[in-house]
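Welcome! Please take a look at the sequence and the 3D structure below, and then let us walk through them together.

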Amino acid sequence: MTENFRLSGIAMPQDAAGMLDIAAEHFAEHAAVARTGDRVTITSEVGEAELALDGSLLRIDLAAQSTVKLQLARTMLAEHLFYFAGDAPFELTWSDPPPPAVLANLHEVRVVSAEPVTPHMLRVKFACADVTPFVGGQMHVRLLVPPKGRPPVWPVIDDDGRIKWPEGEDALLVRVYTIRFVDTGRNEVWVDFLQHPNPDTATPGADFARDARPGDRAAFLGPGGGGVPEAGHIFLAGDEAALPAIARIAEEAPAGTRLTAIIEVENKDEEQPIESAASLDLNWIHRAEHAATGGLLPAIKDKIASLPPETFMWIACERGDIRDIRALLKDRQHDRKRMYVAWYWERGGESG
Ligand SMILES: Cc1cc2nc3c(=O)[nH]c(=O)nc-3n(C[C@H](O)[C@H](O)[C@H](O)COP(=O)(O)OP(=O)(O)OC[C@H]3O[C@@H](n4cnc5c(N)ncnc54)[C@H](O)[C@@H]3O)c2cc1C
């Protein structure tokens, strides 16, 4: 490990060997994982984690390039290990227990304005004291909204390294969004919220944007979840929930990149101008015209069949459709390092 900031921990699961196997398998999806016998090393953009089996324990060594990254690495690992343990008894202790402090990647923001971009897309501009973490790199955040009329209580780090969320009357609304644009001159970050009226269910994330007033308080946790892929040819596909990310990738992709894009929106009024220094071949699909056959999924499948295997596949839409697309890419043995295929929302459920 070359990183300077270090921390060790001890995990006591019911089945330490089983948890090591699960961790090795799970993290291989998101990071570089090396295994030598009973030792697993996970290397990601936040740092390095070593998990070593020692009898009925897992010994953990974390290393990162800054205290902020070290805290993120600990929180990420702690959240995962508790998740892997499920309902079984599990204890996790750290050599340096975290003080109950606000999370290193939590950014308090205030609404500056909320204006429509198209009839169903609202752009909320947030003032943020330090916008530098949002420039370039990772694009997504968890938006945290306090209950109406109450001062916000933000999450803190618990002794076991996990995030301790406020509960009861202070419970926060949490939804995932994309930072559409960062205005470094004004210290603003912009988020585009799709207004997706659902007659049968509440839509708290969309409603936050609809009701947003200047001065309203919120927070972003992040950024995380991927940025502009480094590839010569990128296929971009998705619906309105993915439109802010697709537009940002197109805007940030360097000249010389080839972009092939399919975006599904309700109708022509929902199309947006998308600028790019790259060569952009963009096809808008109107949902209203394909109600019976489903426009986006067949269009994505057709396009994938015609694209060269080295194309980077960046695809985000509804959960069931993503399941189909992943299966197709698996059948075609598409290189997993050359894809970002994520569900952004779920019919009848919350975002992923
Ligand atoms: C990494 C990531 C980035 C995202 N970026 C953005 C973004 O920049 N802008 C954006 O608008 N969304 C974005 N989303 C999607 C957004 O998080 C979800 O749409 C979320 O469900 C909205 O929360 P809600 O409270 O409005 O609705 P929920 O409470 O989650 O759901 C209520 C009902 O609305 C339906 N629903 C939810 N989302 C949609 C949708 N998109 N279309 C149709 N019906 C829907 C659900 O099926 C449910 O029936 C992103 C998601 C992820 C994972």
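## A covered strand and its partners

Strand E19 spans residues 312-318 and is mostly covered, as 6 of its 7 residues are buried. Here, a residue is buried if 20 or more other C-beta atoms lie within 10 Å of its own, exposed if 12 or fewer, and partly exposed in between, with C-beta atoms placed from the backbone. Helices (H or I, at least four residues) and strands (E, at least two) are DSSP runs, numbered from the N terminus. Before going on, please note that this is a predicted model, in which local features need pLDDT of at least 70 and side-chain atom pairs count only at pLDDT 80 or more, while totals for chains, interfaces and linings use all residues. Residues are numbered from 1 along each chain as its sequence is written.

Which strands pair with E19? Strand E16 (residues 233-238) pairs with E19 in the parallel sense over 5 bridges, and strand E20 (residues 339-345) pairs with E19, again in the parallel sense, over 6 bridges. Two strands pair if DSSP finds at least two bridges between them. You can find Ala 237 opposite Ile 315 in E19, while Trp 314 has Tyr 340 in E20 as its bridge partner. Together with helix H6 (residues 319-331), E19 and E20 make a right-handed β-α-β unit. Right-handed means that, with the strands pointing away from the viewer, the path from the first strand over the helix to the second runs clockwise.

## Three domains and a shared core

The domain assignment divides the chain into domain 1 (5-94), domain 2 (106-224) and domain 3 (233-345); such bounds come from an automatic or database domain assignment. The C-alpha centres of domain 2 and domain 3 are 25 Å apart. Between these two domains, 10 residues of domain 2 are in contact with 10 residues of domain 3, where contact means that the C-beta atoms of two residues, placed from the backbone, lie within 7 Å. On the domain 2 side that touches domain 3, strand E7 (106-118) and strand E14 (188-194) each supply at least two residues. That side of domain 2 is made up of 5 nonpolar, 3 polar and 2 charged residues. In this count, Ala, Val, Leu, Ile, Met, Phe, Trp, Tyr, Cys and Pro are nonpolar, Asp, Glu, Lys and Arg are charged, and the others, Gly among them, are polar.

The largest nonpolar core has 64 residues, and those with the most contacts inside it are Val 189, Leu 236 and Ile 246. A nonpolar core is a set of buried Ala, Val, Leu, Ile, Met, Phe, Trp, Tyr and Cys residues joined through C-beta atoms within 7 Å. Why does this core lie between domain 2 and domain 3? Both domains give residues to it, so the core lies between them. A second, separate core has 26 residues, including Ala 16, Ala 49, Leu 62 and Leu 92.

## Helix H4 and the loop before it

Helix H4 (243-252) follows a loop that starts after E16, and this loop holds Glu 240. Is Glu 240 buried or exposed? Glu 240 is buried, because 24 other C-beta atoms lie within 10 Å. Not counting residues up to four places away in sequence, Glu 240 touches Met 121, Leu 194, Val 265 and Glu 270.

In H4, 8 of the 10 residues are buried, so the helix is largely enclosed by the rest of the structure. Ile 246 is one of those buried residues; leaving aside neighbours within four places in sequence, Ile 246 is in contact with Leu 236, Gly 238, Ala 261 and Ile 263. The buried residues of H4 pack against several strands, among them E14, E16 and E19.

## Some individual residues

Glu 79 sits in helix H2 (residues 67-85) and is partly exposed, with 14 other C-beta atoms within 10 Å. Although Glu 79 and Arg 162 are 83 residues apart along the chain, their C-alpha atoms are separated by 5.5 Å.

The peptide bond from Gly 222 to Pro 223 is cis, with omega near 5°, and Pro 223 belongs to strand E15 (residues 217-224). Gln 333 is not a glycine, yet its phi is positive, at about 55°. Gln 333 is found in the loop between H6 and E20, and is exposed, with 8 other C-beta atoms within 10 Å.
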